[in-house]
Amino acid sequence: MRRREFLESVARGAAATAVLGSRPAWARRALAAPPGMIERADWPEHWETSLASLGRSWNTSNERFFVRSHFPAPSIDPATWRLEVTGLVRKPFSLGLDELRAMPGRYVAHTLECAGNGRGLLPLPNTSGTQWGRGAVGNARWTGVPLATLLARAEVAPEAKHVWLEAADHAPFPTVPPFLRSIPADKAMADTLIAHGMNGVPLPALHGAPVRAIVPGWFGMASAKWLTRVRVEAAPSDNHFMAKGYRYTYPGEDPAQAPPVQELRVKSIITRPLDGIRVAPGILRVEGFAWSGPAGVARVEISTDGRATWRPAILVGERSPFAWRAWQADVSAMKPGTMTVMARATDSSGETQPIEARVNAGGYGNNSIHRVTFRVVA
Amino acid sequence: MSWRDAKGVRLAAAAVVVLAAALVLGAAPAAKRAPAGPHAIHYPAGAGRAIAERACLACHSTMLVTQQHKDRAGWEKTVHQMELWGAPVPAAAHDSLVGYLAERFGPAKR
């Protein structure tokens, strides 16, 4: 740790101690959740998008996009912010926001899903972490520069195998490890984006302003927000959030030896009808979204007879790598009474959503089949 | 004024508005502010509440705690981790904190 960093961390600790029970002075003021969002924690902000809000559009608006941060959102002055590219490179450099924005970039739609999305629905008697329903997911258009472009400029050394994404957010106490994720160099070179825009505007503060990573097809924790440094290394980071956190751990297993949470699991949600609503007898349009990791969604099927039979839904609308697919199907809902509709997605590698996902201790990757129950009322 | 104080003032102001509106309309006043989310925004009463407020709220909101369910061993593990990371829990208050969390936020009935 350099002297300046040490002094800053001491100051943070002192400030935290002085204002116990209060927001540390360096952090951004907590924001109020917009209407339609489910506030699961108010500080740091953990906001879930309701299924009704998600169903409005293939493209999730910035105001309706789920928020999950490990630490309070830092206040960063975009005029002085710089991104360092360093480590196992021949030509380390740093650049400011204007320079990054001026570089040839991409404008791509990618789906982000929190690794804990659906944790609150798992039958876990002991839980840790935010108890998300199904709405810690969204699909946005990101503007940014391929990480590969920055790495090429830095001239990565042959022994480089991993890229560490270091960020500005931190806990009030310097003894808490900073949030840090690393990704394999192959993924960094392939399609990872250093994003400065979200749905056509500069990144909002809660989504990582001024710059965040977008790691397509991976759960959201990989897409580190508030980036300050890209460090090229031979090994993955041994930070707590890599070595112990975000692992599929089952009873009796050591988290450090458990498989890491990485690629998205194939999954679908039903955004219409909503659970518990009443509908008039007739033909009912069922709608939702489906997504997966690199394999991409191949098909979505629905069942209205308790999984006895499945029939295909139609994939509709925009198709883009690593973006979710909208789907729809019409079902006959003529007879008054209770009906349940289920949706299951399958990706192009043949992976299909399970009836109930295998429960891991951290509650990660819950891609159990979504079922919605409603009443047909004459 | 801290952000929580400011929030309290806003809530109080909102409560006055709601009360005034209810009186004007002749309806019963709203008894309590509904949480913006599905999780409790205050710790329930009980021995250990004070240390929970002092120790946990330095880094995150009450809601992050009140939505979790763990047995005593689970809370022991969590509190131990937080102490390692600097949570200000005096040694004498450790058992009280773990006991409070285990009693108020025990295993979920699922």
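In this predicted model, Arg229(A) forms a salt bridge with Glu166(A), and the closest N and O atoms of the two side chains are 2.6 Å apart. The pair ties together distant parts of the chain, since Arg229(A) belongs to strand S13 (residues 227-233) of chain A and Glu166(A) to strand S8 (residues 162-167) of chain A, 63 residues apart. Both partners, Arg229(A) and Glu166(A), are buried.

**Salt bridges of chain A**

The bridge between Arg229(A) and Glu166(A) does not stand alone, for Glu84(A), Glu166(A), Arg229(A), Arg231(A) and Glu233(A) are linked in a network of salt bridges. Within this group, Arg231(A) forms a salt bridge with Glu233(A), with the closest N and O atoms 3.0 Å apart. Arg231(A) has a relative accessible area of 24% and is therefore partly exposed, and Glu233(A), at 22% relative accessibility, likewise counts as partly exposed, because the partly exposed class lies between the limits of 20% and 50%.

A further salt bridge joins Glu318(A) to Arg141(A), where the closest N and O atoms are 2.8 Å apart. Here too distant parts of the chain are linked: Glu318(A) is found in the loop between strand S19 (314-316) and strand S20 (325-333) of chain A, whereas Arg141(A) is part of strand S7 (residues 137-146) of chain A, 177 residues apart. Glu318(A) counts as partly exposed because its relative accessibility is 34%, and Arg141(A) counts as partly exposed because its value is 22%. Over all chains, the count of salt bridges comes to 15; the table lists three pairs among them.

| Salt bridge | Closest N and O atoms |
|---|---|
| Arg229(A) with Glu166(A) | 2.6 Å |
| Glu318(A) with Arg141(A) | 2.8 Å |
| Arg231(A) with Glu233(A) | 3.0 Å |

**Nonpolar cores**

In soluble globular proteins, nonpolar side chains tend to be buried together. The largest nonpolar core in this model has 66 residues, and those with the most contacts inside it are Leu100(A) and Leu150(A). Helix H4 (residues 147-154) of chain A supplies the largest share of this core, namely 4 residues. Which residues does Leu150(A) contact, leaving aside its neighbours within four places in sequence? Leu150(A) is in contact with Leu83(A), Val85(A), Phe93(A), Leu95(A), Leu100(A), Met103(A), Val145(A) and Ile194(A). Another core, of 21 residues, lies apart from the largest one, and its members include Val266(A), Val297(A), Val300(A) and Val372(A).

**Cavity**

The structure holds 1 cavity of 30 Å³ or more, and about 240 Å³ of space lies in the largest cavity. Its lining is made up of 20 residues, of which Arg68(A), Arg212(A), Gly220(A), Met221(A) and Lys225(A) lie nearest the centre of the cavity. By residue class, the lining of the largest cavity divides into 11 nonpolar, 5 polar and 4 charged residues.

**Chain B**

Chain B has 5 helices and 0 strands, and when read along the sequence it follows the pattern α-α-α-α-α. Of the 110 residues in chain B, 37% are buried. Among contacts in chain B between residues at least 6 apart in sequence, 60% join residues that are at least 24 apart.

Methods
Residues numbered from 1 in each chain as written. Chains lettered and ligands numbered in written order. Predicted model: local features only at pLDDT ≥ 70, side-chain atom pairs only at ≥ 80, totals over all residues. Heavy atoms only, no water. Core = buried A, V, L, I, M, F, W, Y, C linked by side-chain atoms within 4.5 Å. Buried < 20%, exposed > 50% of the residue type's maximum accessible area, 1.4 Å probe, protein only. Helix = DSSP H or I, 4+ residues; strand = E, 2+ residues; numbered from the N terminus. Contact = heavy atoms within 4.5 Å. Salt bridge = Lys/Arg side-chain N within 4 Å of Asp/Glu carboxyl O. 1 Å grid on protein atoms, 1.4 Å probe; cavity = no way out; pocket = protein on both sides within 12 Å on 5 of 7 lines; lining within 4 Å. Points joined across faces, edges and corners; volume = space filled by probe spheres on them. Nonpolar A, V, L, I, M, F, W, Y, C, P; charged D, E, K, R; others polar.
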